[in-house]
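Biologist: I am new to this structure and would like to understand how its chains meet. Could you take me through the contacts one interface at a time?

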Amino acid sequence: MKNYINISDIEDLQEIITEALQLKKENSAAGTGKGKTLGLLFFNPSLRTRLSTEKAAKLLGMEVMIMNADKDGWALEFEDGAVMDSNKAEHIKEAAAVLSQYCDIIGVRAFPGLQDREKDEQDVVINSFLKYAEVPVINLESATGHPLQALTDAITVTELKKIKRPKVVLTWAPHPRALPQSVPNSFVEVMQKMEVDLVITNPEGYDLAPEITGKTPVIHKQEEALKNADFVYVKNWSSYEKYGQILSKDNSWTFNNEKLERTNNAKVMHCLPVRRNVVIADEVLDGPNSIVIQQAGNRTFAAQVVLKKLLEK
Amino acid sequence: MKNYINISDIEDLQEIITEALQLKKENSAAGTGKGKTLGLLFFNPSLRTRLSTEKAAKLLGMEVMIMNADKDGWALEFEDGAVMDSNKAEHIKEAAAVLSQYCDIIGVRAFPGLQDREKDEQDVVINSFLKYAEVPVINLESATGHPLQALTDAITVTELKKIKRPKVVLTWAPHPRALPQSVPNSFVEVMQKMEVDLVITNPEGYDLAPEITGKTPVIHKQEEALKNADFVYVKNWSSYEKYGQILSKDNSWTFNNEKLERTNNAKVMHCLPVRRNVVIADEVLDGPNSIVIQQAGNRTFAAQVVLKKLLEK
Amino acid sequence: MKNYINISDIEDLQEIITEALQLKKENSAAGTGKGKTLGLLFFNPSLRTRLSTEKAAKLLGMEVMIMNADKDGWALEFEDGAVMDSNKAEHIKEAAAVLSQYCDIIGVRAFPGLQDREKDEQDVVINSFLKYAEVPVINLESATGHPLQALTDAITVTELKKIKRPKVVLTWAPHPRALPQSVPNSFVEVMQKMEVDLVITNPEGYDLAPEITGKTPVIHKQEEALKNADFVYVKNWSSYEKYGQILSKDNSWTFNNEKLERTNNAKVMHCLPVRRNVVIADEVLDGPNSIVIQQAGNRTFAAQVVLKKLLEK
């Protein structure tokens with residue numbers, strides 16, 4: 001693996017999942033990262049991604065240096081040829097090249113603005129690091145994707161599935177704020193590579209980008225979609241069509257026990273943080289079908305296997 | 001030890017003090033924490049607590065991950081059953097459970113609001129972590145107690161006492177801001193378990209909670225209380241009775257050389273940070289009786305022995 | 001070495017440069033810092049200095065603890081005898097002494113206010129730490145100097161020079177904000193100790209302090225100064241004479257290919273961050289003569305050799 005920007009950077013998904021689950025059982029790679037440094041650069045806040053990636057790196061014996069780009073007053077210029085006479089102190093060209101002097105791998109998190117679809121789809125921050133860094137780059141959630149979360153999800157489904165080809169349903173749920181499509185995008189991408197029956201359900205106007213959805217069935221009636229589901233992934237996202245807008249807060253889409261009963265005793269997943277009683281009801285999160293904590297725990301092993309692959313390169 | 005939330009979590013105070021002083025002499029536990037991770041979560045700023053706990057963990061071979069919950073824009077919901085449709089992004093249930101996936105021990109600091117006594121006494125933040133975390137929790141100063149500081153104080157008194165049963169005086173001093181009662185609370189609690197003669201002195205209206213004070217004499221005349229003191233612990237706190245209020249800034253309570261002369265050449269203690277010439281005069285802090293720096297240094301060994309006990313559990 | 005506050009703390013510049021370049025080739029000192037802790041205290045933001053010093057310390061096997069003094073709401077009092085009844089929570093006397101309890105070396109960064117020359121020249125923050133700390137102190141850029149950068153520059157010139165006595169030109173360049181003189185001050189100081197022909201060029205009104213400049217020629221015509229230069233160090237600084245003011249944003253001083261052609265195919269240096277097309281043109285930064293990234297990479301080895309010398313003391 002050269003970088004980890006998209007799910008497509010994984011050459012053999014099954015092999016990488018197997019290796020992650022092996023690392024979870026036994027940290028056989030504790031020396032792989034000795035003398036190597038991981039730099040984590042956050043343009044947006046992070047809890048799970050930061051801690052699990054830091055932990056994963058340390059499990060490999062790496063040193064970790066963390067920078068909060070948003071708080072340390074370090075505004076970057078991304079435009080080529082800019083005359084830098086205003087408030088941007090450093091160009092991405094220097095920033096990425098200099099970080100490459102101090103770090104053996106660089107992780108970057110940068111959320112979308114959700115105002116301008118075309119601009120967000122260019123995913124300027126992560127792609128600029130990819131262009132100008134001289135070391136491997138990891139996507140810690142970009143404007144359009146969250147491949148570490150998606151690999152975690154693939155690991156979790158593999159770990160907990162009881163039948164060879166489970167039915168996996170991704171269902172939209174309401175949320176008070178406009179959220180990116182990065183998590184559902186990457187989840188759909190990774191599930192399309194797995195031996196699962198994937199179905200997406202969301203209200204009209206909330207269909208994900210057609211390039212993402214591809215041939216995956218999109219059903220606008222949640223009840224129908226949930227039938228016989230073995231896994232339900234609940235997640236809010238803002239509209240792709242009317243880009244970045246909240247078209248509905250319809251709480252009939254909140255995932256509760258009544259919905260759960262329509263499934264095949266499904267395991268319930270969410271990337272967290274989750275708004276209780278808005279996205280998922282207490283009764284589900286506190287009940288036996290929720291695997292959200294175990295799923296969060298697997299973040300460590302997804303990060304660990306990706307770091308290991310990049311170090312081995 | 002299962003958690004370290006209150007002084008009462010210590011089973012054998014003398015044994016733990018002896019072990020801390022032994023660790024100070026020789027770090028015989030350098031491998032105890034190998035492969036273990038300490039997560040430190042700050043809802044309020046910290047210097048000594050953060051650095052000494054980080055240092056202690058590293059002396060044990062642990063990895064340390066630090067999160068500034070107040071700055072990383074990560075507002076937690078603590079209410080059971082809340083419909084999370086406003087500004088709280090994550091419920092303590094998930095936060096504590098997820099941190100338990102990445103950390104082997106979690107330390108939490110959360111100050112009181114000093115507006116509502118009943119609410120502060122519930123000590124919601126630390127108690128919620130205690131309830132929902134699946135790993136041991138350390139109190140890095142909560143609304144009502146600061147047991148790491150108190151253990152430090154017990155270690156320091158033990159280390160420096162010259163007679164079997166010294167007289168220890170806790171004296172109030174003025175301060176420009178309203179401060180919690182957490183430090184004096186825990187100091188009183190730990191001293192009540194030591195072989196010392198403890199006396200508290202403060203202006204009327206500043207008596208600590210009766211459940212804390214118990215049978216310890218409270219004297220409202222500082223001069224009288226200081227007589228024959230072997231240790232004087234100077235500290236401001238806001239009123240417990242008129243909860244959180246500043247009733248007096250009376251600088252006749254400032255601890256200076258004149259006060260020191262009334263004691264038995266007492267060692268002078270303070271948890272720091274200290275307002276010079278308001279709480280304690282320069283002449284005392286810069287003189288031979290001040291042991292505040294040595295006391296701060298002992299924070300490391302208090303934290304180290306607590307972490308060791310939790311790891312051994 | 002006892003502390004590293006000024007270039008003059010280096011006893012033998014050539015020897016330390018040779019050792020740094022040796023450490024760059026082979027980290028032969030990986031165990032020197034085992035069990036030792038470096039504390040880095042930032043009163044101002046930092047990217048390169050923080051990361052390179054953290055990396056250097058870890059290359060020596062040290063633990064690193066980082067504090068953002070400006071963000072963690074921890075206002076220090078520096079006045080002797082102050083009655084601390086307003087917003088300053090802790091006196092430098094305690095802060096420095098306490099940090100000395102937890103750290104084996106302390107690094108401090110504190111920029112000048114650029115309002116009051118006399119005050120800035122007292123360099124109160126770094127000198128107070130020097131006075132009250134009980135462990136070695138490193139200057140991570142103070143009001144008047146940046147000796148880690150200067151040592152980096154000396155290492156870089158030594159590494160890349162092709163003739164025994166190269167001509168080195170320090171040239172002023174425009175900048176939208178008022179910047180300190182710390183970088184040019186230390187650069188001039190270190191170059192005066194090297195076997196180079198040093199020339200400074202800047203517009204009238206921008207001469208550095210006479211005590212810094214000494215006998216080094218100052219030429220107010222950039223074109224003339226650049227002739228036959230083997231190294232050009234481009235840097236903005238605010239006026240020393242009209243202290244802290246921006247007297248000119250004259251972009252005829254911007255360093256571009258036309259200027260480069262006047263030199264002896266000079267290597268172009270800058271401490272970064274650099275305002276592209278204001279301080280240095282894209283064509284130079286993206287061209288073969290720029291060594292700014294390599295220079296930034298050498299920060300690690302300057303820091304490593306300084307830390308090693310302090311540890312060996």
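Modeller: Certainly. This is a predicted model. Between chain B and chain C, 13 residue pairs are in polar contact, both residues being at pLDDT 80 or more.

Biologist: Which elements of chain B give two or more residues to the side that touches chain C?

Modeller: They are helix 2 (48-59), helix 11 (282-285) and helix 12 (292-312) of chain B.

Biologist: And which of these gives the most?

Modeller: Helix 2 of chain B does, with seven residues on the side that touches chain C.

Biologist: What is the make-up of that side, in nonpolar, polar and charged residues?

Modeller: The side of chain B that touches chain C has 11 nonpolar, four polar and 11 charged residues.

Biologist: With charged residues there, how many salt bridges are counted between chain B and chain C?

Modeller: The count is four. One of the salt bridges joins the side chains of R276(B) and E94(C), at 2.8 Å from N to O.

Biologist: How many residues are in contact, then?

Modeller: Chain B has 26 residues in contact with 28 residues of chain C.

Biologist: What about area? Why give that as well as a residue count?

Modeller: The accessible area lost when the parts come together is often used to state the size of an interface. For chain B and chain C, the buried area is about 2400 Å², and carbon and sulfur atoms give 55% of that area.

Biologist: Let us change to chain A and chain C. How much area do they bury between them?

Modeller: Chain A and chain C bury about 2400 Å², with 55% of it on carbon and sulfur atoms. The contact involves 29 residues of chain A and 26 residues of chain C.

Biologist: How many salt bridges and polar contacts are there between these two chains?

Modeller: Four salt bridges are counted between chain A and chain C. Among them is the one between the side chains of E63(A) and K58(C), at 3.7 Å from N to O. Polar contacts link 13 residue pairs across chain A and chain C, both residues at pLDDT 80 or more.

Biologist: Where on chain A do the touching residues lie?

Modeller: The elements giving two or more residues to the side of chain A that touches chain C are strand 2 (63-68), strand 4 (90-91) and helix 3 (92-102). Helix 3 of chain A gives the most, with seven residues.

Biologist: And what kinds of residue make up that side of chain A?

Modeller: The side of chain A that touches chain C divides into 14 nonpolar, six polar and nine charged residues.

Key: Residues numbered from 1 in each chain as written. Chains lettered and ligands numbered in written order. Predicted model: local features only at pLDDT ≥ 70, side-chain atom pairs only at ≥ 80, totals over all residues. Heavy atoms only, no water. Contact = heavy atoms within 4.5 Å. Buried area = accessible area lost by both parts, 1.4 Å probe. Polar contact = N/O pair within 3.5 Å; in protein donor to acceptor, adjacent residues only side chain to side chain. Helix = DSSP H or I, 4+ residues; strand = E, 2+ residues; numbered from the N terminus. Nonpolar A, V, L, I, M, F, W, Y, C, P; charged D, E, K, R; others polar.
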